[in-house]
Protein chains: 2
Amino acid sequence: MDASFPLPVFTGDAPLYQQLYRHIAGAIQSGALFPGEKLPSKRRMCALAGVSMSTVETAYSLLAAEGYVLAKPRSGYVCAHLLPPIPAAPPPVDVPPPPEPSRWAYDCSTSAVDTSAFPFSSWARITKEAVYENPGLLQRGHPQGDQPLRAALAGLLAQYRGVRCSPEQVVVGAGADYLLSLLLQLLPEQRAVALEDPGYPAAYAAAALHGRQALPIPVDGEGMNPDALECSGAGLAYVTPSHQFPLGVTMPAGRRSRLLHWAASQPGRFLIEDDYDSEFRYASRPIPALQGLDRAGRVVYMGTFSRSIAPAIRVAYMILPPPLLERYRRTFSHGACTVSRFEQESLRRFIAQGLYGRHLRRTGNLYRKKCALFTGALSAIPGASVSGAGAGLHFLLTLPRYSEGELVERAACQSIRVHPLSRYCHAVPPIPSTVVLGFAGLSEEELGQAAERLGRAWK
Amino acid sequence: MDASFPLPVFTGDAPLYQQLYRHIAGAIQSGALFPGEKLPSKRRMCALAGVSMSTVETAYSLLAAEGYVLAKPRSGYVCAHLLPPIPAAPPPVDVPPPPEPSRWAYDCSTSAVDTSAFPFSSWARITKEAVYENPGLLQRGHPQGDQPLRAALAGLLAQYRGVRCSPEQVVVGAGADYLLSLLLQLLPEQRAVALEDPGYPAAYAAAALHGRQALPIPVDGEGMNPDALECSGAGLAYVTPSHQFPLGVTMPAGRRSRLLHWAASQPGRFLIEDDYDSEFRYASRPIPALQGLDRAGRVVYMGTFSRSIAPAIRVAYMILPPPLLERYRRTFSHGACTVSRFEQESLRRFIAQGLYGRHLRRTGNLYRKKCALFTGALSAIPGASVSGAGAGLHFLLTLPRYSEGELVERAACQSIRVHPLSRYCHAVPPIPSTVVLGFAGLSEEELGQAAERLGRAWK
């Protein structure tokens with residue numbers, strides 16, 4: 001046996017025990033050593049391979065631990081019975097390359113924010129303090145997010161948005177999409193979801209992912225149409241009342257009251273109020289959230305810091321009405337909150353030290369100026385009209401002399417990315433000749449240049 | 001009309017325009033003002049309420065923006081038609097109190113880790129640098145996680161776990177539970193999931209939440225039983241080969257090969273390999289991951305930093321085989337990664353600066369000592385036997401003279417929390433008289449004290 005035993009050729013790269021182990025394991029896998037075949041004794045192997053006893057012992061015990069060999073009393077190690085190696089699959093299809101970085105000179109899509117006003121040094125200091133002063137935060141925290149942050153959020157939402165809740169109702173999570181997904185898991189009886197049409201693509205995506213039927217409900221000048229909602233038969237509706245995405249409509253009080261009536265009029269109906277960019281309002285003061293008007297416990301309020309601070313800050317929150325909170329606790333009490341506790345504590349300090357309020361005022365003024373500058377310059381294009389610019393970080397532009405496709409293409413020829421409105425439309429035909437323009441990610445100078453190019457593109 | 005107009009009583013608390021606005025909105029909502037009724041002219045309202053013109057103008061425009069009143073040309077503002085207020089629901093059921101903090105003197109549950117070795121000052125410094133030196137990280141990052149972190153993970157997993165992947169296959173997310181949930185959304189055709197029995201409760205919970213049938217497959221001395229798996233008809237199996245949860249079994253090479261054959265033998269079959277605590281191994285060297293042996297692209301590898309660093313660090317990762325990666329990119333390319341980019345960059349620096357490796361070695365030694373100490377002390381209890389202690393942060397203890405329930409209760413009388421094995425069992429009867437003991441969260445001193453108390457409890 002010794003003579004035929006396939007000996008390893010040692011190279012300089014890895015520890016000897018590892019090379020010996022790999023060599024023998026490979027021989028067993030390839031069939032060069034047969035099931036039941038005995039390995040040389042440890043002492044013999046030392047001599048054969050020219051290595052120390054401890055090298056052989058480590059390699060043999062590793063082989064035994066992994067089940068390549070079995071230790072038999074009084075007869076040493078024998079090779080185990082392994083199934084033949086699996087034939088390698090045809091070379092796997094190429095891994096698709098990552099999405100290419102923006103090739104646009106001016107990207108007017110809707111998800112960017114202005115980070116020039118971000119208080120880097122304060123945030124860096126706060127993050128450091130949050131780690132250094134809170135060793136307890138390393139252990140598992142509350143599944144809904146830590147109580148001090150939830151209390152800060154409840155206070156903030158009461159002050160800025162008229163939301164009425166206790167910190168117990170707040171659920172913190174890593175992004176609004178994640179929370180929406182959680183919420184759908186919490187409402188398995190809702191087989192269909194009424195969604196705004198045109199509306200937020202991620203809401204449609206979430207419905208599809210969770211196997212729910214998406215029921216597109218037309219948006220009119222006041223938001224989601226309540227008659228169409230009633231007819232749809234849905235028990236769950238997702239709305240953006242502060243600044244409808246993408247039309248920019250603000251839902252007036254009468255319509256709000258209609259939707260709350262819809263929700264309250266049958267057991268088990270719920271409204272999801274996504275207040276995604278309510279922090280920025282230029283034409284009038286912010287309008288209190290639907291949640292604050294709800295007397296029946298039928299509104300789930302959602303918000304995020306992705307726009308008010310930055311997309312990189314993956315902190316969103318939802319306010320669950322008591323019946324859903326009970327369900328949440330039954331269903332998710334075993335889980336951990338998806339936001340790092342250090343980041344939760346950093347955000348709490350950012351709010352408590354007044355830095356968040358200051359940041360909101362600063363960016364609010366910045367966005368107000370940018371919005372005025374960009375809409376002003378674009379309104380000068382003959383025939384162009386702007387709408388939905390009273391709040392948020394995007395607006396619509398309509399220019400009847402071109403089709404939607406022409407508007408997008410002519411902008412692209414100037415290396416400017418604008419989104420066609422039809423991108424957000426489902427059953428409802430889009431407003432003709434209309435595109436969606438985000439302005440937050442470009443500087444004032446860039447906005448001026450982009451407007452000039454668009455003037456040429458759409459002249 | 002003027003005479004009957006309900007005038008506000010101003011108090012000192014809020015701006016006057018807000019009080020006026022709230023007062024009129026309230027009057028419209030309560031029905032004190034009727035639909036179609038005219039508001040006093042602005043000038044008249046100044047006189048009636050004794051406030052300035054700008055106060056009245058702000059209040060009226062707010063009422064108009066919210067739709068409480070309509071501006072009619074040449075006739076001023078008239079009250080809108082609102083639905084009657086919704087009757088308040090019966091007072092909502094009390095919000096349940098948060099789960100009570102641990103009331104145990106010694107908590108031997110399985111999710112805690114030792115945070116005494118955490119390098120607070122290095123982590124605090126790194127976090128600060130990660131924020132300060134990377135302003136670009138505020139913008140939206142790659143949905144799978146940023147490339148530099150994915151490259152660092154691919155390198156780490158190749159070195160420590162024998163995982164073979166490109167950074168393109170890595171998906172970073174906020175916790176293993178979140179990634180498992182994502183994966184199930186990616187595999188809608190898998191109506192059933194084979195799960196280890198006994199097994200990880202969160203895997204059962206994830207299956208239930210996503211409407212999949214959980215098929216409990218018995219675990220024997222080598223891990224999930226492959227014959228039972230074949231018979232179950234499942235196309236997807238979730239396994240913990242390095243250190244089975246909760247039995248602590250390490251899957252030998254022969255069984256690994258059987259499972260890989262099972263996966264490769266029919267199209268569309270996949271294995272989920274959860275390597276949740278593979279970093280800590282005391283009895284032999286770590287065994288390479290199943291993923292590294294897979295030639296057919298059927299293994300999804302998952303891991304987490306919850307145990308190797310701390311539960312508060314919400315960073316987990318999975319390695320998708322190419323066909324699933326393509327699916328992932330089609331399905332989730334619109335989303336954002338659920339981990340803050342600052343935290344991603346902090347972790348990358350922690351790895352790149354060699355601090356993670358040092359932390360693993362330090363905690364590995366710590367846990368090895370703790371495990372030896374605790375199992376040693378408990379083995380001294382007459383009749384007690386310990387198993388599954390060769391790796392990870394928990395083990396089993398069997399003591400035939402008491403029932404499982406008695407073991408748990410007698411420990412509780414000493415204010416020690418231990419989990420019954422039956423907690424993790426589904427179709428399979430639990431090993432009699434057996435409990436699961438975690439040791440990571442207690443100090444060596446506490447472990448000694450806990451073992452002493454358990455000795456009294458179980459004598």
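This note goes through a sheet in chain A, the contact between chains A and B, and some backbone features of a predicted model.

1. The sheet. In chain A, 8 strands make up an open sheet with mixed pairing, and their order across the sheet is β4-β11-β10-β9-β8-β5-β6-β7. The edges are held by β4 (170-173) and β7 (223-224) of chain A, and because each of these has a single partner strand, one side of each is left without a neighbour in the sheet.

2. The edge strand β4. The partner of β4(A) is β11 of chain A, residues 316-319, and the two strands run antiparallel, joined by 4 bridges. Within this pairing, Val171(A) is the residue that stands opposite Met318(A) in β11(A).

3. Helices lying across the sheet. Helix α5 of chain A, residues 147-161, lies across β4, β10 (299-304) and β11 of chain A, and its direction makes an angle of about 110° with β4(A). Helix α7 of chain A, residues 201-209, lies across β5 (192-197), β6 (213-220) and β8 (236-239) of chain A, running at about 160° to β5(A).

4. The contact between the chains. Chain B gives 90 residues to the contact and chain A gives 90 residues. The size of an interface is often given as the accessible area lost when the parts come together. For chain B and chain A the buried area is about 7300 Å², with 71% of it on carbon and sulfur atoms. Across this interface of chain B and chain A the rule finds 0 salt bridges, while 6 residue pairs, both residues at pLDDT 80 or more, are found in polar contact.

5. The chain B side of the contact. The elements that give two or more residues to the side of chain B touching chain A include α1 (16-30), α3 (53-65), α4 (120-132) and α12 (341-352) of chain B. Of these, α4(B) provides the largest share, 8 residues. Sorted by class, the side of chain B that touches chain A has 55 nonpolar, 22 polar and 13 charged residues.

6. Backbone features to check by eye. In chain A, the peptide bond from Asp197(A) to Pro198(A) is cis, with omega near 0°, and Pro198(A) is found in the loop between β5 and α7 of chain A. In chain B, a cis peptide bond joins Phe245(B) to Pro246(B), with omega about 5°, and Pro246(B) has its place in the loop between β8 (236-239) and α9 of chain B. Ser415(A), a residue other than glycine, has a positive phi near 60°, and Ser415(A) is found in the loop between α14 (404-413) and β14 (416-417) of chain A.

Note on methods
Residues numbered from 1 in each chain as written. Chains lettered and ligands numbered in written order. Predicted model: local features only at pLDDT ≥ 70, side-chain atom pairs only at ≥ 80, totals over all residues. Heavy atoms only, no water. Pairing = 2+ DSSP bridges. Contact = heavy atoms within 4.5 Å. Axes fitted to C-alpha atoms, helices over the stretch in contact; angles between N-to-C directions. Buried area = accessible area lost by both parts, 1.4 Å probe. Salt bridge = Lys/Arg side-chain N within 4 Å of Asp/Glu carboxyl O. Polar contact = N/O pair within 3.5 Å; in protein donor to acceptor, adjacent residues only side chain to side chain. Nonpolar A, V, L, I, M, F, W, Y, C, P; charged D, E, K, R; others polar.
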